[in-house]
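Colleague: I am new to this structure and would like a close look at a single part of it. Please keep to the aromatic rings and what lies around them.

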Amino acid sequence: MKAGLLGRKLGHSLSPQIHKFFGDYEYRLYEKEPDEVEAFLRGGFAAGDFDFLNVTIPYKQTVFALCDELSPMAKKLDNVNFVTWTKDGKLRGDNTDAFGVERLIDSVGAGVRGRNCAILGAGGAAMTVKAVLEERGAKRVSFVRRGEVPAQDDQLIVNATPVGMWPHVDETRIDILQYVACETVLDLVYNPSPTRLVREALACGKTAADGMVMLIAQAYRAFELSGSSSSLIPHPSSLFLYGPPASGKSTWAKKIAAATGWKLVDLDAEIVKAEERSIPEIFAAGGEKGFRAIEKRELTRVCASETSAPQGQVVALGGGALLDDDCRRMAEAAGRVVVLDCDLETLKSRLTGGDRPLSADIAKLEALVVSRAAHYASFPRHMRM
């Protein structure tokens, strides 16, 4: 299967990496000027260049007007961000944005009913956010256009503009410190993650999240709508995140679970729960050999229990969980393994403490990464963020 993202400027996009979580299909970025869009769509689909396309700014409403058929959701939102080619040669448009917005809201437990909400922007993404907020019972939903500011009594503020997106990472539409009544801030921008707006909101005690969960949710929904999920990832299934200590396995697992509704499993946490003692205590008592034996036992249980998660499960593995050949075969038979690649300097910067017994200091971390480099490289699926 072949797929991709259509937009005008896509240097910021992480979509090709995100889609690796769900399938081994080719996913490319297509930057087109406005006068190229229609010919690209119809010609590309007709020639079999791709099976589905995602669409981003500024072409969501452009593509909406070009579609021969529209899903109920696309009609409701007046814009399209997912396009397929029907068997009888027609462009069919759908929209996965609402699904993504809902997952993003749920990921932070944001209350909407009875609240005053402000949306920065008034484009296609903003209209989708408005529809979701109104459906969830918001008291008031206001668009905040360029040059305007939210009301002081707004309790939930959503940035639905590209402001703050890479490479202009220091830009922001508002000074969130001025909005005392605001409890929750959502930023649809996902690169960087977190954005400046989210960082500032968190710093002053507000609940906040960037658009990464929404991006993952959109990719997952597009994957499902493509009609190919049964052949690419049979459900129920397991997605295993693997890589060096501090490469982001637990963080990404939480985001993927929030975006997809899959069961979240952290193998280290499962070990602690089963043993009723911390990982450093397990190492102190039995050394690495003793720990690996327990880890293998818990991994066996997690792989065997995948059928109890009808929508699948995402599993954050320890940094050496698949060094054992039996463990590797078991994980690869149960689902798909994606290695999170991360440069050594970034790993060092993240290791500021915690209970990672094999990387208690920088020298040990460097030695560990070097010794396992060939092992990690031997896996076919990698994601570098």
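How many aromatic pairs does the count come to?

Modeller: This is a predicted model, and in it the count comes to 18 aromatic pairs. One of them is formed by Tyr-220 and Trp-262, whose ring centres are 5.6 Å apart. Their planes make an angle of 85°; because planes over 60 degrees apart count as edge-to-face, this pair is edge-to-face.

The two partners come from distant parts of the chain, 42 residues apart. Tyr-220 belongs to helix H8, residues 212-225, while Trp-262 is in the loop between helix H10 (249-260) and strand E13 (263-266). Are these two residues buried or exposed? Tyr-220 has a relative accessible area of 2% and Trp-262 one of 5%. Buried means under 20%, so Tyr-220 is buried, and Trp-262 is buried as well.

The pair is also part of a cluster linked by ring pairs. Besides Tyr-220 and Trp-262, the cluster holds Phe-21, Phe-22, Tyr-25, Tyr-27, Phe-52, Phe-82, Phe-223 and Trp-252.

Some of the strands can be placed next to these rings in the sequence. Strand E2 covers residues 26-31, and strand E3 covers residues 52-55. Both are joined to strand E1: E2 by 6 bridges, running parallel, and E3 by 4 bridges, also running parallel. Among the residues involved, Lys-2 stands opposite Glu-26 in E2, and Gly-4 has Leu-53 in E3 as its bridge partner. Strand E1 itself spans residues 2-7, and 5 of its 6 residues are buried, so E1 is largely enclosed by the rest of the structure.

On the other side of the Trp-262 loop, strand E13 leads into a sheet. This open sheet has 5 strands in the order E13-E14-E12-E15-E16, with parallel pairing. E13 and strand E16 (382-384) stand at its edges with a single partner strand each, so one side of each has no neighbour in the sheet. Neighbouring strands are turned against each other by 25° on average, direction ignored. Helix H11, residues 267-275, lies across E13 and strand E14 (313-316), at about 70° to E13. At the E16 edge, 3 bridges join E16 to strand E15 (residues 335-341), and Asp-341 has Arg-384 as its bridge partner.

Finally, two rings have a charge over them. The charged end of Arg-221 sits over the ring of Phe-99, 5.9 Å from the ring centre. For Arg-328, the charged end sits over the ring of Phe-379, 3.7 Å from its centre.

Methods. Residues numbered from 1 in each chain as written. Predicted model: local features only at pLDDT ≥ 70, side-chain atom pairs only at ≥ 80, totals over all residues. Heavy atoms only, no water. Phe/Tyr/Trp six-rings, centres within 6.5 Å; stacked < 30°, edge-to-face > 60°. Helix = DSSP H or I, 4+ residues; strand = E, 2+ residues; numbered from the N terminus. Buried < 20%, exposed > 50% of the residue type's maximum accessible area, 1.4 Å probe, protein only. Lys NZ or Arg CZ within 6 Å of the ring centre and 35° of its normal. Pairing = 2+ DSSP bridges. Axes fitted to C-alpha atoms, helices over the stretch in contact; angles between N-to-C directions. Contact = heavy atoms within 4.5 Å.
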